[in-house]
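Got your viewer open? Let's take a walk through this one together, one selection at a time.

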Amino acid sequence: MSFFRRAATVLAATTVVVAAPALPALAHVTINPGTAEAGGFTKVAFRVPNERDDAKTTKVEVSFPTDHPLAFVSVKPVPGWTVKVTEGKLPKPVTTEFGELTEAVTTVVWSGGEIGQGEFQEFEVSMGRLPEGVGQLVFPTRQTYSGGEVVSWSDVPAAGGAEPEHPAPVLR
């Protein structure tokens, strides 16, 4: 029987060693679903978990791509949160089926609410037309905590490489 206990102990220890490094990866900001059809419209949710024991998330700022801008962006209200959608001039005009696009949504900021310890919130956005011929859209996100700390989820994942420490939400 002691052989089985030792084997169970080794298995449990191995599981902890292997799984522990993966746990922080569960805590970053993501976009759900992570895929959408090019050329169409989609609804996504930016899922924001609070990973701090001593602070609450009080602000979330999502930057929208200006190299492949989206002509239409609308947000679903989140009770207890204020949302501000900001449009800005594009670095260079983009031709779409609706004409030349010189301005587009550059950021969406949710503030005034709170995400507590062990909680997450989803912030839904409808957007489109998704560009064709582009493999992915990257949405760098800044998460602000009640203590003033700001975490920038802006690292672009390398093709076939390891996940960066602070990966940006990516829509493929």
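**Stop 1: Glu124 and its partner**

Start by selecting Glu124 and Lys43: the two form a salt bridge, with their closest N and O atoms 3.6 Å apart. Glu124 lies in strand E7 (residues 120-128) and Lys43 in strand E2 (residues 42-49), so this pair ties together parts that are 81 residues apart in sequence. Before you go on, keep in mind that you're looking at a predicted model.

Is Glu124 buried or exposed? Glu124 counts as buried because its relative accessible area is 18%, and buried means under 20%. To see what surrounds Glu124, show its contacts, leaving aside neighbours within four places in sequence: you'll get Lys43, Val44, Ala45, Ser74, Val75, Lys76 and Trp110.

**Stop 2: more charged pairs**

A bit of background helps here. Side chains of opposite charge can pair when their charged atoms come close. How many salt bridges does a search of the whole structure find? The search finds six.

For another one, select Arg52 and Glu149, whose side chains meet in a salt bridge at 2.6 Å, N to O. Arg52 sits in the loop between E2 and strand E3 (57-63), while Glu149 is in the loop between strand E9 (141-145) and strand E10 (150-153), so the pair ties together parts that are 97 residues apart in sequence. Glu149 counts as partly exposed, because its relative accessibility is 35%.

Now pick Lys56 and Glu114, where the side chains meet in a salt bridge of 3.2 Å, N to O. Here too, distant parts of the chain are linked: Lys56 is in the loop between E2 and E3, Glu114 is in strand E6 (residues 99-115), and the two are 58 residues apart. With a relative accessibility of 36%, Lys56 counts as partly exposed.

Next, select Lys43, Lys76 and Glu124 in one go, and you'll have a network joined by salt bridges that share partners.

**Stop 3: a glycine in a loop**

Click on Gly116, in the loop between E6 and E7. Gly116 is buried, at a relative accessible area of 9%. Which residues does Gly116 touch, not counting those up to four places away in sequence? They are Asn50 and Lys56, and you've already met Lys56 in its salt bridge with Glu114. Try drawing a C-alpha to C-alpha distance from Gly116 to Glu51: these residues are 65 apart in sequence and 8.9 Å apart in space.

**Stop 4: the nonpolar core**

Time to look inside. In soluble globular proteins, nonpolar side chains tend to be buried together. The largest nonpolar core here has 27 residues, and Phe64, Trp110, Met127 and Phe139 touch the most other members. Colour E2, E3, E6, E7 and E10, the elements that give two or more residues to this core. E6 supplies the largest share, four residues.

Then zoom in on Phe139 and show what it touches beyond residues up to four places away in sequence. The list includes Ile31, Phe46, Val62, Phe64, Leu70, Met127 and Trp153. Also among them are Ser63, Pro65, Ala168, Pro169 and Leu171.

**Stop 5: two pockets**

Switch on a surface and go to Thr96, Arg129, Leu130, Pro131 and Glu132: of the 15 residues that line the largest pocket, these lie nearest its centre. This pocket has a volume of about 240 Å³. Its lining divides into eight nonpolar, three polar and four charged residues.

For the second largest pocket, select Pro157, Glu163, Ala168, Val170 and Arg172, which lie nearest its centre among 13 lining residues. Ala168 may look familiar, as one of the residues Phe139 touches. The volume of the second largest pocket is about 170 Å³, and its lining has eight nonpolar, three polar and two charged residues.

**Last stop: zoom out**

Go back to a cartoon view of the protein chain, which has one helix and 11 strands. Follow the sequence along and you'll read the pattern α-β-β-β-β-β-β-β-β-β-β-β. Of the chain's 172 residues, 35% count as buried. One more thing to look for: among contacts between residues at least 6 apart in sequence, 70% join residues at least 24 apart.

Note on methods: Residues numbered from 1 in each chain as written. Predicted model: local features only at pLDDT ≥ 70, side-chain atom pairs only at ≥ 80, totals over all residues. Heavy atoms only, no water. 1 Å grid on protein atoms, 1.4 Å probe; cavity = no way out; pocket = protein on both sides within 12 Å on 5 of 7 lines; lining within 4 Å. Points joined across faces, edges and corners; volume = space filled by probe spheres on them. Nonpolar A, V, L, I, M, F, W, Y, C, P; charged D, E, K, R; others polar. Salt bridge = Lys/Arg side-chain N within 4 Å of Asp/Glu carboxyl O. Buried < 20%, exposed > 50% of the residue type's maximum accessible area, 1.4 Å probe, protein only. Contact = heavy atoms within 4.5 Å. Core = buried A, V, L, I, M, F, W, Y, C linked by side-chain atoms within 4.5 Å.
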